[in-house]
Amino acid sequence: MVGRWAPLFVTFLLVTGGLSFLWSAHTRNDQNEQLRMAALALNNPLPSVDTDRGELVARAGGCVACHTDTANEGRLLAGGVRLDSAFGTFVSPNISSDAQEGIGTWSLEMFAQAVLNGRRPDGGHYWPVFPYPAYALMSGQDIADLYAWLQSTAPVSTASEEHELLIPDIARAGLGIWKSLYVPENYRPGLFVERGEYLVEGPAHCATCHAQRDIVGGVSDRRLSGNSRGPDGSKVPAITAAALQDWTVDDLMFYLEIGMTPEGDFSGGHMATVIEHGTAHLSPEDLRAIAVYLKSPANKES
Amino acid sequence: MYTQYSVQSAAFLLSVVVIAGQALAHTGAMGIVKERMDGMSILGDHAKSVGDMLKGKASFDLVAVEEAGQAFVTHGEKIPSLFPDTEQSREGTATEALPAIWDNWDEFVALAEKFTNDSQALLTVANNLSNGTQSVDHQSRAVRSIFFKTVKNCSACHERFRLDQD
C-alpha cells in the first residue's frame with residue numbers, strides 16, 4: 001500500500017524542497033540587500049561629499065570607461081558601449097545627469113540601490129553585466145562622492161539602447177536567486193586592511209574579467225587566475241601574485257598609468273580602455289596600493 | 001614542500017610557454033607584415049629602455065632617451081606607409097592589424113601623426129636637457145612627463161587597431 005504512494009511522495013518532497021530552496025535564496029538576497037543599505041546609513045556617516053574625489057571613484061570603478069562610447073566619439077557617460085558575451089550583446093545605458101535619459105532625478109538612495117544591490121528604480125533587477133557583485137563591497141563615502149560627481153556632469157539627452165540578449169527579459173525576475181549566490185553580503189569598515197585590496201575587490205572590480213565565470217555567469221571563485229572566455233571573446237590573463245612574479249611594483253604602476261608592459265609592449269583591447277579612462281587618472285598612491293596588493297601573498301593562485 | 005615545487009615548476013613552465021609564444025608571435029610574418037612588426041619591436045625596445053630608467057631599473061641615460069626619441073620619430077613617420085590597403089597587408093600571416101585601420105584610415109593616420117609630433121617633442125626635450133645643467137632628478141621628471149604623453153599614443157592605437165590576443 002505504501003509503495004503505491006511512494007513516487008507521488010518523492011515528487012512532492014522534490015517539488016517542495018526545490019521551491020523552499022528557491023524561496024530561501026530569494027529571501028536571503030532581500031535580507032542581504034537590506035543589510036547593505038543599512039550598513040551604508042549606520043556605519044558610514046557622511047560628513048561631507050567631495051565631487052573631485054567622486055570622479056576618481058568613477059575612474060577606478062570603470063564607470064567612465066564603460067558608459068562612454070569613446071570609439072564612436074560618444075559624449076561623457078552617455079552610454080552606448082556594446083559588450084558581447086555568452087548571453088548576447090549588452091549596451092551600456094546613459095548615466096549622465098540628464099533628467100529624462102540619465103540619472104538626473106535619482107536620489108542618493110536610488111543610486112545606492114543600483115550600485116550596491118543591482119536594483120533599478122522600478123525595483124527590478126539589473127543584469128549582472130553591471131558589476132554590482134563587486135560594487136556591493138564599496139564604502140558609503142565612495143558611493144556618495146561618486147553620486148555627487150555623476151550629478152555634476154553635463155546632461156546628455158541620448159536615449160539608452162536596449163540590450164540584444166539571447167535570454168528573455170522575464171528571466172531578470174529570477175536574478176534575486178542569482179544574487180544570493182554571487183553577491184557578497186556587504187561592505188563593513190575593517191573588511192579590507194589594505195586600500196589596494198579594497199580597490200581591487202570593490203570599485204575596480206578586477207575579478208569581473210580576470211576570474212572565471214561559471215555557466216550562469218557568476219564569479220564564484222574570485223581568484224584572479226584569468227579567463228579564457230572574456231568579454232568580446234578576449235583572453236584575459238591571470239593577475240595573481242604568481243602570474244605577476246616577473247613584474248615589479250613599478251612595472252605594474254607604469255602599466256596602469258600608460259599601458260606599458262615590462263617588455264615595452266603596449267596593451268590594446270579592453271584593458272587599454274580601462275587604463276585610458278580609468279586607472280591612468282588615479283593618484284600615484286592608489287596605483288601603488290593596487291600594485292602592492294596584486295604582488296602580495298594575499299592575491300594568491302589557490 | 002610538494003605543493004611548493006609544483007607551483008614553482010608550473011610557474012617555470014608557464015614562463016617557457018609565454019616566452020616561446022612571444023618568440024612565435026612574429027614567426028611566419030613576411031613582406032610588409034614582417035617589416036612593420038620589426039619596426040614595432042624596435043619601438044618596444046626603446047620604450048623598454050626609457051621605461052627601465054624611469055623605474056630606476058637602469059641608470060638614467062639621456063643619450064638613450066635621444067636615441068629613443070629619434071627612433072620614434074623615424075618610425076612614426078613611416079607608419080601610414082607600412083599599412084597599405086593590400087591583401088598581403090590585410091591578411092598576411094601573423095598580422096595583428098585589424099580591418100578597422102582601413103575603415104577609419106583618417107583617424108589611424110591622425111594617431112600616427114600625433115605620435116610622431118609627440119615623439120619630436122620628446123626628442124627636443126632630451127636634446128635641450130643634454131645641453132643644460134639640470135640635476136638628474138629634474139631631467140628624469142621632464143623626460144617622464146613627455147615620454148608618458150608620447151607612449152600613451154601606443155595604447156590608444158592598439159586599443160582600436162590591433163588584435164587583442166593576450
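For this tour, Ala, Val, Leu, Ile, Met, Phe, Trp, Tyr, Cys and Pro count as nonpolar, Asp, Glu, Lys and Arg as charged, and the others, Gly among them, as polar. Keep that sorting handy for the pockets. One more thing before you click: what you have open is a predicted model.

**Stop 1: the second largest pocket**

Select A:Glu257, A:Ile258, A:Ser267, A:Ala272, A:Ile275, A:Glu276, A:Ala280 and A:His281, then add B:Lys152, B:Ser155, B:Ala156 and B:Glu159. You've just picked out the lining of the second largest pocket, which holds about 160 Å³ of space. Now colour your selection by residue type: five of these residues are nonpolar, three polar and four charged.

Which helices supply at least two residues each to this lining? Show helix 10 (249-258) and helix 11 (269-277) of chain A, plus helix 7 (136-161) of chain B, and you have them. Helix 7 of chain B gives the largest share, with four residues.

**Stop 2: where the two chains meet**

Since that pocket is lined from both chains, stay with the pair and look at their interface. Select the contacts and you should get 22 residues on chain B and 25 on chain A. Together the two chains bury about 2200 Å², and 53% of that is on carbon and sulfur atoms.

Side chains of opposite charge can pair when their charged atoms come close. How many salt bridges cross the interface of chain B and chain A? There are four. To see a salt bridge up close, zoom in on B:Lys55 and A:Asp251, whose side chains meet at 2.7 Å, N to O.

**Stop 3: a salt bridge inside chain A**

Over all chains, the salt bridges come to 25. Try A:Asp145 and A:Arg53, where the N to O distance is 2.5 Å. Follow the chain from one partner to the other: A:Asp145 is in helix 6 (residues 140-152) and A:Arg53 is in helix 2 (residues 51-60), so this pair, 92 residues apart, links distant parts of the chain.

**Stop 4: the three-stranded sheet**

Switch to cartoon view and find the open sheet in chain A, with three strands in the order 1-2-3 and antiparallel pairing. Which strands stand at the edges? They are strand 1 (82-85) and strand 3 (164-165); each has a single partner strand, so one side of each is left without a neighbour in the sheet.

Strands of a sheet pair through backbone hydrogen bonds, either parallel or antiparallel. Here, four bridges join strand 1 to strand 2 of chain A, and these two strands form a hairpin with two residues between them. Select A:Arg82 and you'll find A:Val91 of strand 2 opposite.

Next, step across from strand 2 (residues 88-91) to strand 3: two bridges hold this antiparallel pair. A:Gly88 stands opposite A:Leu165, and the bridge partner of A:Thr89 is A:Glu164.

**Stop 5: the largest cavity**

Last stop! There are two cavities of 30 Å³ or more, and the largest has about 140 Å³ of space. Of the 13 residues lining the largest cavity, select A:Pro133, A:Thr208, A:Arg213, A:Val219 and A:Arg222, which lie nearest its centre.

Now show helix 5 (132-135), helix 7 (175-182) and helix 9 (207-210) of chain A; each supplies at least two residues of this lining. How do the lining residues divide into nonpolar, polar and charged? Colour them as you did at the pocket: the largest cavity has eight nonpolar, three polar and two charged residues around it.

Terms used: Residues are numbered from 1 along each chain as its sequence is written. Chains are lettered from A and ligands numbered from 1 in the order in which they are written. This is a predicted model: local features need pLDDT of at least 70, side-chain atom pairs count only at pLDDT 80 or more; totals for chains, interfaces and linings use all residues. Side-chain values use heavy atoms; hydrogens and water are left out. Two strands pair if DSSP finds at least two bridges between them. On a 1 Å grid over the protein atoms alone, a cavity is a set of points where a 1.4 Å probe fits but cannot get out, and a pocket is an open set with protein on both sides within 12 Å along at least five of seven lines; lining residues have an atom within 4 Å of a point. Grid points are joined across faces, edges and corners, and a volume is the space filled by probe spheres set on the points. Contact means heavy atoms within 4.5 Å. Buried area is the accessible area (1.4 Å probe) that two parts lose on being put together, summed over both.
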